[in-house]
Amino acid sequence: MKQFEIDRHRNMSTQLGMPRGTAANRLRKLVLFDLLKRHNENICYRCKKNIEQAEDLSIEHIKPWEHVDVALFWDLSNIAFSHLRCNCAAARRPVVQLKHRRTAPEGMNWCRTHKQFLPVDRFSTQPSRWNGLCYDCKDCTNTAKREARRSPDGVMVAPPPEER
Ligand SMILES: [Zn+2]
Ligand SMILES: [Zn+2]
């Protein structure tokens with residue numbers, strides 16, 4: 001971006017009292033809510049009650065698209081409106097959670113091999129994953145690596161001493 005554009009955006013944010021992007025998103029939501037109301041479609045698809053305020057409006061995907069199909073993200077027939085609270089409550093229900101997104105207690109992460117929650121500092125980072133952490137804790141990852149070093153005849157090669 002050129003300097004005058006940066007200055008202009010900064011100036012707009014100051015006038016709006018919030019980042020310009022935030023304001024634009026808020027405006028889009030107000031416009032959408034206004035249209036829904038005029039068409040009597042401001043109805044929560046979860047609790048079937050009216051959505052009374054734009055702040056309560058949440059746009060969600062009926063079928064989860066992530067790790068499934070990106071087309072579902074753009075599919076307008078897969079879009080539904082709900083109360084923010086109904087959407088959030090549903091996300092907390094374990095039944096709709098994806099298996100690998102078990103609701104972890106604060107500061108914990110699920111280890112696939114241990115099959116239990118462990119403190120996050122016991123995991124290596126993996127930026128490609130949704131939570132930035134590996135599937136397995138460091139101990140399990142190291143064990144797996146040692147297993148992989150078994151010689152072809154199945155005899156375990158002694159691990160280097162620093163790994164013990
Ligand atoms: Zn609702
Ligand atoms: Zn583990």
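**Exercise 1.** In which loop is Arg46 found? Describe its exposure and its contacts.

*Solution.* The structure is a predicted model, in which local features need pLDDT of at least 70, side-chain atom pairs count only at pLDDT 80 or more, and totals for chains, interfaces and linings use all residues. Residues are numbered from 1 along each chain as its sequence is written, and chains are lettered from A and ligands numbered from 1 in the order in which they are written.

Step 1. Arg46 belongs to the loop between α2 and β1. Helices (H or I, at least four residues) and strands (E, at least two) are DSSP runs, numbered from the N terminus.

Step 2. A residue is buried if 20 or more other C-beta atoms lie within 10 Å of its own, exposed if 12 or fewer, and partly exposed in between, with C-beta atoms placed from the backbone. Arg46 has 17 other C-beta atoms within 10 Å and is therefore partly exposed.

Step 3. Two residues are in contact if their C-beta atoms, placed from the backbone, lie within 7 Å. Not counting residues up to four places away in sequence, Arg46 touches Ser82, Cys86 and Ala90. Arg46 and Ala90 are 44 residues apart along the chain, and their C-alpha atoms are separated by 8.8 Å.

**Exercise 2.** Give the secondary structure content of the protein and the order of its elements.

*Solution.* Step 1. The count is five helices and six strands.

Step 2. Read from the N terminus, the order is α-α-β-α-β-α-β-β-β-β-α.

Step 3. Of the 164 residues, 8% count as buried. Among contacts between residues at least 6 apart in sequence, 32% join residues at least 24 apart.

**Exercise 3.** Check the lengths of α1 and α2 against the expected span, and state how many of their residues are buried.

*Solution.* Step 1. The expected span of a helix is 1.5 Å times one less than its number of residues.

Step 2. Helix α1 (residues 3-16) has 14 residues and should span 20 Å; the C-alpha atoms at its ends are 20 Å apart, so the two values agree. For α2, with 19 residues, the first and last C-alpha atoms are 27 Å apart, close to the expected 27 Å.

Step 3. The count of buried residues is zero among the 14 of α1 and zero among the 19 of α2.

Step 4. After α1 comes Gly17, with a positive phi near 75 degrees.

**Exercise 4.** Where are Asn40 and His67 placed, and are they buried or exposed?

*Solution.* Step 1. Asn40 follows α2 and has a positive phi, near 55 degrees; the residue is other than glycine. Its place is in the loop between α2 (20-38) and β1 (57-61). Asn40 is exposed because 8 other C-beta atoms lie within 10 Å.

Step 2. His67, also a residue other than glycine, has a positive phi near 65 degrees. His67 lies in the loop between β1 and α3 (71-74). It has 10 C-beta neighbours inside 10 Å and so counts as exposed.

**Exercise 5.** Describe the pairing of β3 with β4, then the surroundings of Cys137.

*Solution.* Step 1. Two strands pair if DSSP finds at least two bridges between them. Strand β3 (residues 108-111) and strand β4 (residues 116-119) have four bridges, in the antiparallel sense.

Step 2. The bridge partner of Cys111 in β4 is Gln116, while Asn109 stands opposite Leu118. The two strands form a hairpin with four residues between them, and Lys115 in the turn has a positive phi of about 55 degrees.

Step 3. Cys137 lies in strand β6 (residues 133-137). It is buried because 24 other C-beta atoms lie within 10 Å. Beyond its neighbours within four places in sequence, Cys137 is in contact with Cys111, His114, Leu118, Arg122 and Phe123. Cys137 and Thr125 are twelve residues apart in sequence and 9.9 Å apart in space, C-alpha to C-alpha.

**Exercise 6.** Which residues have a pLDDT that stays under 50?

*Solution.* Step 1. pLDDT is the predictor's confidence in each residue, from 0 to 100. The protein averages 84, and 84% of the residues score at least 70.

Step 2. The stretch is residues 154-164, for which the model has eight contacts beyond four places in sequence.

Step 3. Where pLDDT is low, the predicted coordinates should not be read in detail.
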